[in-house]
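Me: I would like to learn how to read a structure like this one feature by feature. Could you take me through it?

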Amino acid sequence: MIQLTLPSGIQVEPSEDGRILTLSVGPQHPGSGHFRLIVQVDGDIIVDADPDPGYVHRGEEKMCEYRNWIQNIPHLERPMIADSCGILYPFVLACEEIGSIKVPERAKYIRIIMAEINAMIFELYWLAIYGIFLGHSTMFMWPMGDRELLIDLAEMATGARVTHAYFVPGGVRNDLPDTFRDKAIRQLDYFKHRLDQYKDIFYTNPLFLDRTERVGVLTAQDAINLGVTGPVLRASGVEHDIRKIEPYDVYDELDFKVITMKTGDSYARAYVPYLEMYERINIIKQCLEKMPSGPVRTKLGPNPKGPVGEAFKRVEAGRGELAYYVVSDGTPKPYRIKLSVPSFRMIAAMPHLLKGAKLADMPAIYWSLNYWPVEADR
Amino acid sequence: MSSEGKQPEQSSQSKEAVAKVEIPPVEKGIVDKITTKFGGKAVLAYAKPRRIRFNIKPEDAIEFARFLNDEVGFDQPISVAGTDYPKDNVIEVIYHIGCCTVPEYRSMVFAFALKLPRDNPKTPTLIPVYRGVEYHERETFEMLGVIFEDHPKLQRLLLPEDWADIPPLRKDFNIKGR
Amino acid sequence: MSGAGGIFKAIESGTKHLVIRRFTLRYPEQKLRFVGDGFQFDPKEGVGIAGYKGRHILYHDKCTGCQLCAIACEGIAEAIAMVKIDKTWNHNKKSIMPQIDYGKCVFCGLCVDACPFYALFMTDDYELAAYTKEHLIYTPDQLAVKVDYEGNVEIKIDDQGATHG
Amino acid sequence: MTTVTQFSFTDFVKSLLWLAFWILMIVTLIILPIIFIVLFYVPAPEIEGIEITPYLLLSMMVNPDIGVPLLKATMETTFFKVAVFPGFTFAALFATIIIFFERKFLAKMQLRVGPYHAGREVLWWARNFGGFFQMLADLLKLISKEIIIPSGADKPIFWAAPVVLTVVASGLVALIPVAPGWVVADIDVGLLAVFALLGFFPLTALLASWASNSKYPFIGGLRALHQMIAYEIPLILSVLGVVILSGSLNLSTMVEAQQNYWFILLLPIGAFVFFITALAELERVPFDLPEAESEIVAGWLTEYSGMAYGLIQLASYMKLYALAALFVTLFMGGWMGPEILRFGPPWEPDLMIRGHMVLTVEEGNAFFWFIVKTFGIAVLMLLPRGINPRIKIDILLRTGWAKLIAVAFINVFIALGLLYAGVIHPVGVVGT
């Protein structure tokens, strides 16, 4: 085995038989994001992987304790700007449960529309990165371009392209513009047509199948016990979707399927979000049909206070189950807010899946876990 | 939250009041199962629709979690949160456990809280039961200084390596300028 | 070769896109059209009016110097500071008005929600780049200027694909 | 608030003068001396009984009656062949065009614009090719950048690797016959020389990765080596069929053997294997494992920066040209093609300037067909980049060792069968 001298003069520790090489994948690595995986490889086989998050930790939970309920809204969506409505949704629900605030019916539909659009924006972003991680540059450009269709819709409704600050306790900030419905239906139809194109170039491409099939298999038992969630859990065959099992707002009035796959490999984890996008388009169209007219926001007094109490609310965001544990002590500021984000729960699955995989499988496994470093660090 | 000045009396849930409120049948079944097994060791904090919370002691934690996982069917760790209560001199570690397998429990979140003394917070790790709590417990360790005994790797996770202050989510840690 | 069919399908799909029109927005030449005149808020109804959240606009004849916008911003970005102005108004005895630092502003628009006097709205103007940090601080006089934003490009969808313009 | 840069006419004139000054300085101090140094060392030909000296040359260039024969004479020198036409400059220019075309082509496939602004206003007639000057801008950027050498790097090898790669790529280019007689090195073992030179690339990559003293380049270098060993053998085997049919290792002879039929019609399997293995040799998608950025940053290129990186890229694109040209030479009849290009009226089709012949019509057509075919094959080699993801190392090795070698052997048997069944004569298809 070769002993390499690192630039800082650190001698790489070879293992006893001198076969193990330690690689630090990240945080300045094109295949990691703001995140580090300390990987030990024996030739091309990964023998150990140690996730090291925390490079973009900004103490959201502590920040929450210094701001009042409304002021928490803009900064809480910062960890996940690609799905900013999704990460705000359970906070708003929890505030409403603690304060027992009634939400107008129209606002519930608008929230679902925006949450689904945002989830799709995230999934396209995720798919684009998955494409480039596997060396497929076209699959990077297409979803990134088509994402514009949805960002355009979100911008039309909320006035901002990524950080909307749109949900508030008691409804949403503003009503949808009049032209939103027609435009949304037109663009979603076209987007559906674009989604069909992805299949030929990516999902049925034999080279993509080679890269992802039977790679990083996560059994249903392991998936549940490791606490992974969302598309990763459903790809392992567990039918677990918060929208279905614990319908919040008006999801119980909508008709949609929960997509599951049995295999639990990277391919299934890449395919489930893709199929879910069709369901999401379906949900948005149903919402646009069923949406009643009326007010969209319950008027609250300035600087509202909550009663003493706690709430645990969860929603199905783009990456899976996103939960907030909120404790209120009766002051205008929350006593404790805990974000249980799906990305953080995926970390546990990472060493489990990477051990024994090949180094070339690392991006395929790592990114199929729907991991978003900024969200995990909060 | 409601507006200032109109705080509804019924929603301020002190723990004794909630226990008397009507518990829905499915939740009642779970609560009965737990109370018959553990009796006085597990205290019911509240049982709202879809949300149940028990307060238990740290020494019973592993046994309780194992019973919850194997017998009751709550098998998916969702979150581990720690809350600091300097007034009562306790740190509360609360595990939220969901369920993926039993159909009628799937919509529920089971929470159990451990009240630990603030000066020496120690509790056994629940990794043998729920593997997924490993990183949640590490986060709780560094954010609140709770020591999870027998945890395989109780080290820094999110904070910088040169963090030399009290754990930041304790209430006596203050952000500068605030 | 089992996957030959898949490869041919992929090649077909790729080459098909050589004739599809491109989606890119040629930004400095083309600008997007937005709905409305920017985000506004109706304090009577307690609900906003949809629009783009760009630079603010301040109506001097309505601002009373109540500082609610600055208080709202305090926990968010701390971008709003109340400054003295030269003019005196009957409704603004203290003659203070908000000054916004766009180096800090996050464009959440909660200051607009906080204003009870229809004085602070947002506009379509998003081109705020400046050479120095000082240029990013907008005084009440600068905030009063209404900028004509000429965006006329929308997403168009036809058989050849979606395009801007 | 918008700040408008003030336009001042004085500054404008000043900048023009400044530019003129610099051009004058560079021409007088650098370019003219270089021309003279070159002219001193390159023996000038004798035109119409006059011995050309460098001093005479510049004055003669203005006179077309002497200048054209001079040009013709220069074109026949080896120096011209090495440095300009079938050699380095041509290949580098071709590589630049390929890079530009790749960027625009991929952009089109990916529904974006690609290089757009640079040079758009300079060439009004080339508005649709707007962005070609992006190549120039990239070159200037690479030249002006600092070349960072990692501490602990093996400096001589680290420096030598890009140069060696470029030199080897130029050597590869030198073996390609562009037209009858238009080849730098017309040697009898041309094909063997090609493979010998191709073997240099992964070794240099390994040396470069070793010299970088970093882990990711090292893994990349090892991968490059793995890939070479797995793909060199099918590459050689796939060409064996052509050698059997043409009965020669000389590339020009091989082209001439395809007078009637291109070998791609007789040996489609061999052509397929050659194409796939050529992609693997070039380390292009889907075989770009040594540079897989999501796994090992940039592979063996990780520590290179500035013009060292630029040279490596130039070498790799020259290699792309060389392999595309080799494919054309071996399977697609090289310069052969119908005579469609004419420089003058039918009774005098050659390129004549003032009564001096510069280029015969046959040569012109040969160039045309060769360039067109090579460009087509190069575009085919670019196409997978827009369509396929990268494949895994184990699948790559299995494909190389198990599948492609077997297929290449089938190809050899087909060639032998064609030969011994009497369909083909060693010097071409029956009837020639």
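**Reading sheets, helices, core and interfaces**

Reply: Gladly, and let us begin with a single pair: A:Val39 has A:Ala49 of strand S3 in chain A as its bridge partner. Keep in mind throughout that this is a predicted model.

Me: Which strands does that pair connect, and by how many bridges are they joined?

Reply: A bridge pair is best read as one rung of a ladder between two strands. Here S2(A) and S3(A) run antiparallel and are joined by 7 bridges. The two strands form a hairpin with 2 residues between them. In that turn, A:Gly43 has a positive phi of about 70 degrees.

Me: What does S2(A) pair with besides S3(A)?

Reply: Look for a second ladder. S1(A) pairs with S2(A), residues 36-42, in the antiparallel sense over 6 bridges. One rung of it joins A:Thr22 to A:Gln40 in S2(A).

Me: In what order do the strands lie in the sheet?

Reply: Once the ladders are known, the order can be read off. Three strands of chain A make an open sheet, ordered S1-S2-S3, with antiparallel pairing. S1 (20-25) and S3 (45-52) of chain A each have a single partner strand, so they stand at the edges and one side of each has no neighbour in the sheet. On average, neighbouring strands of this sheet are turned by 20 degrees against each other, direction ignored.

Me: Now a helix. How do I read H6(A)?

Reply: Start with its length, then ask which residues are buried. H6(A) has 24 residues and spans 32 Å from its first C-alpha to its last, close to the 34 Å expected at 1.5 Å a residue. The buried residues in H6(A) are A:Ala184, A:Gln187, A:Leu188, A:Phe191, A:Leu195, A:Tyr198, A:Ile201 and A:Phe202. As background for reading such a list, an α-helix has 3.6 residues a turn, so residues three or four places apart point the same way.

Me: Which residues touch the most other members of the largest nonpolar core?

Reply: For a core, look at its most connected members and then at the elements that feed it. The largest nonpolar core has 318 residues, and D:Tyr321 and D:Phe327 touch the most other members. Helix H4 of chain A, residues 105-133, gives the largest share of this core, with 20 residues. Leaving out residues up to four places away in sequence, D:Phe327 touches D:Phe274, D:Phe275, D:Ala278, D:Met332 and D:Ile377.

Me: What about chain D as a whole?

Reply: An overview takes in elements, burial and contact range. Chain D has 17 helices and 6 strands. Of its 432 residues, 40% are buried. Among contacts in chain D between residues at least 6 apart in sequence, 74% join residues at least 24 apart.

Me: How many residues of chain A are in contact with chain B, and how many with chain C?

Reply: Count each side, then ask what supplies it. With chain B, 44 residues of chain A are in contact with 36 residues of the partner. S7(A) gives the largest share of that side of chain A, 4 residues. By class, the side of chain A that touches chain B has 22 nonpolar, 13 polar and 9 charged residues.

With chain C, 36 residues of chain A are in contact with 29. Helices H2 (72-76), H5 (137-158) and H6 (180-203) of chain A are the elements giving two or more residues to that side. H5(A) gives the most, with 7 residues. The side of chain A that touches chain C divides into 15 nonpolar, 12 polar and 9 charged residues.

Conventions. Residues numbered from 1 in each chain as written. Chains lettered and ligands numbered in written order. Predicted model: local features only at pLDDT ≥ 70, side-chain atom pairs only at ≥ 80, totals over all residues. Pairing = 2+ DSSP bridges. Axes fitted to C-alpha atoms, helices over the stretch in contact; angles between N-to-C directions. Core = buried A, V, L, I, M, F, W, Y, C linked by C-beta atoms within 7 Å. Buried ≥ 20, exposed ≤ 12 C-beta atoms within 10 Å, placed from the backbone. Contact = placed C-beta atoms within 7 Å. Nonpolar A, V, L, I, M, F, W, Y, C, P; charged D, E, K, R; others polar. Expected span 1.5 Å × (residues − 1).
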